[in-house]
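Please examine the structure shown here with attention to its bound ligands. The account concerns how the protein surrounds them.

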Amino acid sequence: MKVVQETTIAILGAGAWGAALANLAAANGHRVRLWSRQGTETLQAVVQDAQIVLSAISMKGVRTVASQVQSCPLSPETIFVTATKGLEPQTTATPTQIWQAAFPNHPVVVLSGPNLSAEIQKSLPAATVVASNIYTAAQKVQLVFSSPRFRVYTNPDPLGVELGGTLKNVMAIAAGVCDGLQLGTNAKAALVTRGLTEMVRIGNFLGAKTETFYGLSGLGDLLATCNSPLSRNYQVGYQMACGKTLTNILANLPGTAEGVNTCQVLMQLAQQQNIYMPITEQVYRLLQSEVTPQQALDELMLRNIKPEYH
Ligand SMILES: NC(=O)C1=CN([C@@H]2O[C@H](COP(=O)(O)OP(=O)(O)OC[C@H]3O[C@@H](n4cnc5c(N)ncnc54)[C@H](O)[C@@H]3O)[C@@H](O)[C@H]2O)C=CC1
Ligand SMILES: O=C(CO)COP(=O)(O)O
C-alpha cells in the first residue's frame, strides 16, 4: 500500500461517526483533533493548520458550523471532507453544496459508503467511497483513510455518492417497517430493489449519474442499512411497525436518524417537480401518522400495475 505523509486532520462532530473516523485516521498515524460543540477546545484551535477538515456533524448543524469555520484562519491548501448524510430542509442543499459555497476556493470531498460506525469501531472490515470534482483531493483523502480494515475507493461523481448515502436512509426506514411487520424475504428484496429505482429516479433528476447508485455508496449502503438493526433509520421503521410512536422512538434513539428529515425534504421536492416516489411517499405518510404501517403496505401493493422499467 502507498505510504502517505503524516497529516493533521480536524474532525468536526464527535458523535458515533466522527469518533469512528477519528480512530481510523489515528490508527494510520495521523494527527487527529476532534471538535464538538460540547467540548472545551475552540473551533479555531482545532482547524488551525489542519490539512483536512472533516465534518461528521448532523445535517441540522452543518450550515451553522460551516459559517463558524469561515471566521477561522485556514491554510489555503485545506481540503474539506463531508461525511454527513442529509439534505437541508429550507434549500434542499446537500452538505457538500453548503461547504463548497462557504469555501469556494477549497476542494470538497464526500466520504460515503456502507459504514455502520459500531462495526468500524470493532475493527471489522469495511469499504467506502471518496468523491470530488478535484481528483487529487479525493486521492489524498483515500490515502489518509485506507488501511487493511478500511478500503477506500475514489469516484468522480460526488453528487451521486452523496445522494446514495442520503436517499438510502428513507429506504432503511421502510426496510425496518418491512422487518417489524415480518413481511418476509421476498417483500424485503422487492422493497430494496424498487427503493433503488426510486433513488436513481430522484438522483438523476438532481444531476447524479445512474451507475453511482449501483456502487458502494448507493446499493452498498442500501444493503447495509436495510439489513442491520445497527442502523438508526432501520430502527425507526422497525419500532414504528412494533407500535411505538415516532416521538418516543427518537427520544430513545442513540444518535441521529437523518432519514426522518430527508423524507420530508424529498416529499416536498417530489411534489413540486412531479417525480413519482411511492415508497418515499408512504414513509412520509407513516412518519406524519397519516397511515399505519399496514395501510402503507396496502397502498404500495394496490397501486396500478405497470411495466418494471417505468
Ligand atoms: N453513525 C454512523 O454509522 C454513520 C453516520 N453517518 C452520518 O454522519 C452524520 C452524524 O452521524 P452520527 O455521528 O451517527 O450522529 P450523532 O448523533 O452520534 O452525532 C452528531 C454530531 O453532530 C453534532 N451536532 C448536531 N447538531 C449540531 C449543531 N447544531 N452544531 C454543532 N454540532 C452539531 C453533535 O454534537 C454530534 O457531535 C449523520 O449525517 C449520519 O447520517 C454516516 C455514516 C455512518
Ligand atoms: O449511514 C449509515 C451506515 O452507512 C448509518 O446508518 P444510520 O444513520 O441509519 O445508523
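The following paragraphs treat the two ligand sites in turn.

The model is a predicted one. Ligand 1 is a suitable place to begin. Its shell holds 23 residues, of which W17, S117, R232, T256 and E258 come nearest. By class, this shell is made up of eight nonpolar, ten polar and five charged residues. Among the helices, α1 (16-27) and α3 (59-70) each contribute at least two residues to the shell around ligand 1. The largest share, three residues, is supplied by α3.

Several polar contacts to ligand 1 can be followed atom by atom. At the backbone, an N or O atom of S117 lies 2.9 Å from an oxygen atom of ligand 1, and a polar backbone atom of G15 is 3.3 Å from an oxygen atom of this ligand. From a side chain, an N or O atom of R232 is 2.9 Å from an oxygen atom of ligand 1. On its own, ligand 1 has 830 Å² of accessible area, and the protein covers 87% of it. The space that ligand 1 takes is the largest pocket.

Where does ligand 1 lie with respect to domain 1 (8-156) and domain 2 (159-301)? Both domains give residues to the shell around ligand 1, so this ligand lies between them.

Attention now turns to ligand 2, which sits in the largest pocket. There are 13 residues around ligand 2, and K85, D221, S231, R232 and N233 come nearest. R232 is thus named among the nearest residues of ligand 2 as well as among those of ligand 1. The shell around ligand 2 comprises three nonpolar, six polar and four charged residues. Two helices, α9 (216-226) and α10 (232-241), each supply at least two residues of this shell. In terms of domains, at least three residues of the shell around ligand 2 are drawn from each of domain 1 (8-156) and domain 2 (159-301).

The polar contacts listed next for ligand 2 involve side chains. A polar side-chain atom of S231 lies 2.6 Å from an oxygen atom of ligand 2. For D221, a polar side-chain atom is 2.7 Å from an oxygen atom of ligand 2, and for K168 the corresponding distance is 2.8 Å. Ligand 2 exposes 310 Å² when taken alone, and the protein buries 92% of that area.

Conventions: Residues are numbered from 1 along each chain as its sequence is written. Chains are lettered from A and ligands numbered from 1 in the order in which they are written. This is a predicted model: local features need pLDDT of at least 70, side-chain atom pairs count only at pLDDT 80 or more; totals for chains, interfaces and linings use all residues. Side-chain values use heavy atoms; hydrogens and water are left out. A residue is near a molecule or strand if one of its heavy atoms lies within 4 Å of it. A polar contact is a pair of N or O atoms within 3.5 Å; within protein, one must be able to donate a hydrogen and the other to accept it, and residues adjacent in sequence count only if both atoms are side-chain atoms. Accessible areas come from the Shrake-Rupley method with a 1.4 Å probe; for residues, only the protein chains shown count as cover. On a 1 Å grid over the protein atoms alone, a cavity is a set of points where a 1.4 Å probe fits but cannot get out, and a pocket is an open set with protein on both sides within 12 Å along at least five of seven lines; lining residues have an atom within 4 Å of a point. A molecule sits in a cavity or pocket if more than half of its atoms lie within 2 Å of its grid points. Helices (H or I, at least four residues) and strands (E, at least two) are DSSP runs, numbered from the N terminus. Ala, Val, Leu, Ile, Met, Phe, Trp, Tyr, Cys and Pro count as nonpolar, Asp, Glu, Lys and Arg as charged, and the others, Gly among them, as polar. Domain bounds come from an automatic or database domain assignment.
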